[in-house]
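User: Please take a close look at one helix of this protein and at what surrounds it, and set that part in the context of the whole chain.

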Amino acid sequence: MPKRMSISERESFLSEVQVGIVGIDEKKRSPRIVPLWYSFDPNIGITIIVKESSKKLKLLKLAMRFSICVQKATLPYKHVSVQGPIVDIRPCDDLIDLSKMVYRYMGDVAGTDYLNERSPEKSVVLVMRPEKWITADYT
């Protein structure tokens, strides 16, 4: 039987490098579910970056909220699901926002290579303020 995580446990878990699965409401359809890199700061919320031209951004702007599930898929299993409103939408500064996210997920060497080789694309930063939490820890 899983136990619920404490606030400090869930914050620690979300600070680990995991891929988040984001759910976005889509009228007259099932929610759009997509894997995304994210960052978490308990004082700010969940931050994601999406391309300006993406269907995700259009849906996020319509819904003005999203859910994210982050899981550890190896033993001992754990997951955190959180949902809440989008409280900030702003243009992505590649030197600040994107590089921070890329280095978080890829490390210094691979991150630098990725940033040097990618084609410039306009992106948007979205921040969600967590309101509802579901956690499970199978340790």
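Analyst: Helices (H or I, at least four residues) and strands (E, at least two) are taken here as DSSP runs, numbered from the N terminus. On that basis the secondary structure of the protein chain comes to three helices and eight strands, which follow one another along the sequence as α-β-β-β-β-α-β-β-α-β-β. This is a predicted model, in which local features need pLDDT of at least 70 and side-chain atom pairs count only at pLDDT 80 or more, while totals for chains, interfaces and linings use all residues. Residues are numbered from 1 along each chain as its sequence is written, and side-chain values use heavy atoms, with hydrogens and water left out.

The part chosen for the close look is helix α2, residues 55-63, whose buried residues (under 20% relative accessible area, with exposed meaning over 50% and partly exposed in between, for a 1.4 Å probe and protein chains only) are Leu 57, Leu 59 and Leu 60. Because these buried residues fall within an arc of 165° when seen down the axis of α2, they line one face of the helix; the arc is that of the directions from the helix axis to the C-beta atoms. On the other side of α2, Lys 58 and Leu 62 are exposed. Just after the helix, Met 64 takes a positive phi of about 55°.

The cover over the buried residues of α2 includes strands β1, β2, β4 (45-51), β5 (65-72), β6 (78-91) and β7 (123-128), where contact means heavy atoms within 4.5 Å. A loop residue also meets this helix: Glu 26, found between β1 and β2 (32-36), touches Lys 55 and Leu 59 as well as Pro 31 and Arg 32, not counting residues up to four places away in sequence. Glu 26 is itself buried, with a relative accessible area of 10%. Ile 21, by comparison, lies in strand β1 (residues 20-24) and is partly exposed, with a relative accessible area of 34%.

As for the chain as a whole, 37% of its 139 residues count as buried. Among contacts between residues at least 6 apart in sequence, 68% join residues at least 24 apart. The radius of gyration, taken over C-alpha atoms, is 15 Å, which agrees with the value near 14 Å that a compact globule of 139 residues would have, the globule rule being 2.2 Å times the number of residues to the power 0.38. Along the principal axes, the C-alpha atoms fill a box of roughly 45 × 40 × 25 Å.
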